[in-house]
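Here's a quick tour of one model, with a stop at a helix, a pair of backbone oddities and some enclosed space. Have the viewer open and follow along.

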Amino acid sequence: MRVAVIGAGSWGSAIAWLLDSKGYEVAIWARESEIAQTINTQQRNPQYMTDIRYSDRVSASADIAEVLRDVDAVVMATPSVGVRDTAESMKELVGAQSPGAQIPLIVLSKGVECHTSYLMTDILEEVLGNPSRIAALSGPNHAEEIARGLPSATTVAAHDAQTADFFSDLFATEFFRVYTNDDVTGVELCGAGKNVVAIACGVADGLGLGDNAKASLMTRGLAEMARLGQAVGANPRTYMGLAGMGDLIVTCTSQHSRNRALGEEIASGGSLEAFEERTHMVAEGARACRSIKELGQRRGVDLPLTQAVYSMLYENADLSQIMSALMARPQRAE
């Protein structure tokens with residue numbers, strides 16, 4: 001089994017290590033040739049997840065065609081904003097009209113595309129075709145803990161049961177339990193929405209608002225996520241599972257959560273740009289709050305928490321006034 005991992009960031013590096021630990025041959029696509037060279041010569045990523053050591057089954061290249069040659073599966077682990085462009089660069093090798101038209105594809109990126117409101121699987125379907133082979137993975141899965149072999153569970157969502165089972169078998173280990181789900185829309189929307197809520201929780205932590213406030217944000221955030229999901233046809237039960245509540249809890253509370261950390265930085269007077277420049281990481285929630293806000297407006301769904309995060313990040317709104325406005329919303333039944 002030869003697996004291509006497209007993306008050499010934290011998540012791509014961790015999932016490559018997991019696949020390597022199962023004895024698969026892994027080819028990593030790194031945008032920066034320096035990262036690929038170091039992986040090949042030192043069996044480690046010099047920038048992300050630097051404690052990981054790979055076996056000689058792992059190779060890397062900045063040439064995506066080389067990485068995709070003769071693979072049995074493709075794992076997309078780029079930031080959500082890069083999924084479309086990256087998929088376009090893969091089209092000749094794994095697109096619908098290519099020799100690799102039947103190769104299973106799974107996307108680990110979490111987001112909603114601005115202006116189109118496409119989920120990541122929608123983008124792959126439009127660009128690469130053959131939707132039955134496409135899946136998404138989402139759950140409470142911080143890369144830092146996966147790469148240490150700590151126990152975790154996740155969800156693989158696909159419209160085709162055989163595709164879901166294929167990727168469940170591909171990733172499952174004694175420490176990584178994989179469930180399957182046919183609610184692709186719900187699983188992907190959960191993955192995008194929980195990052196927005198995590199930014200709000202980080203702001204609450206940064207302002208010292210306490211555990212009650214954070215628990216309230218998480219709970220009402222989950223309700224907001226579910227309202228949007230219901231409007232686009234997602235299964236409400238998905239929001240109670242690993243992709244929903246599970247991922248929400250870990251992203252809003254963990255020291256590893258970059259979205260929660262961004263919220264803390266905003267609370268201390270920092271900016272999105274400074275945070276991403278310092279950490280060399282993309283805070284997906286900052287993009288998701290734009291696209292989810294657009295989707296909510298299209299569907300006529302009230303998303304006050306998403307709007308609040310948008311105002312914090314892009315409108316220089318006063319944080320204390322935003323929190324006061326959320327608390328002053330009209331009383332209603334839960």
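## How helix H7 starts

This is a predicted model, so take everything below in that light. Let's begin at the start of H7, where a side-chain oxygen of Asp160 comes to within 3.0 Å of the backbone nitrogen of Gln162.

## Two sides of H7

Helix H7 covers residues 161-171, and its buried residues are Thr163, Ala164, Phe167, Ser168, Leu170 and Phe171. Those six sit on the same side of H7, because they cover an arc of only 160° around the axis. Turn to the other side of H7 and you'll find Ala161, Gln162 and Asp169, which are exposed. So Gln162 has its backbone nitrogen in that contact with Asp160, and Gln162 is also one of the exposed residues.

## Two positive phi angles

Most residues other than glycine have a negative phi. Met49 goes the other way, with a positive phi near 50°. Look for Met49 in the loop between helix H2 (33-42) and strand E3 (58-61). Is Met49 buried or exposed? Its relative accessibility is 14%, and buried means under 20%, so Met49 counts as buried.

Asn316 also has a positive phi, near 50°. Asn316 belongs to the loop that runs between helix H14 (304-314) and helix H15 (319-327). With a relative accessible area of 73%, Asn316 is exposed.

## The largest cavity

How many cavities of 30 Å³ or more does the structure hold? There are 2. The largest cavity has about 110 Å³ of space. Its lining is made up of 14 residues, and the ones nearest the centre are Gly193, Met225, Leu228, Ile292 and Thr306.

Helix H8 (184-206), helix H9 (211-231) and H14 are the elements that give two or more residues to this lining. H8 has the largest share, with 5 residues. By class, the lining of the largest cavity breaks down into 10 nonpolar, 3 polar and 1 charged residues.

## The second largest cavity

The second largest cavity has about 60 Å³ of space. Lining it are Val107, Leu108, Ser109, Lys110, Ala136, Leu137, Ser138, Val187, Glu188 and Gly191. Strand E6 (134-138) and H8 each put at least two residues into this lining. H8 therefore turns up in the lining of the largest cavity and in that of the second largest one. By class, the second largest cavity is lined by 5 nonpolar, 3 polar and 2 charged residues.

How values were computed. Residues numbered from 1 in each chain as written. Predicted model: local features only at pLDDT ≥ 70, side-chain atom pairs only at ≥ 80, totals over all residues. Heavy atoms only, no water. Buried < 20%, exposed > 50% of the residue type's maximum accessible area, 1.4 Å probe, protein only. Helix = DSSP H or I, 4+ residues; strand = E, 2+ residues; numbered from the N terminus. Arc of directions from axis to C-beta. Polar contact = N/O pair within 3.5 Å; in protein donor to acceptor, adjacent residues only side chain to side chain. 1 Å grid on protein atoms, 1.4 Å probe; cavity = no way out; pocket = protein on both sides within 12 Å on 5 of 7 lines; lining within 4 Å. Points joined across faces, edges and corners; volume = space filled by probe spheres on them. Nonpolar A, V, L, I, M, F, W, Y, C, P; charged D, E, K, R; others polar.
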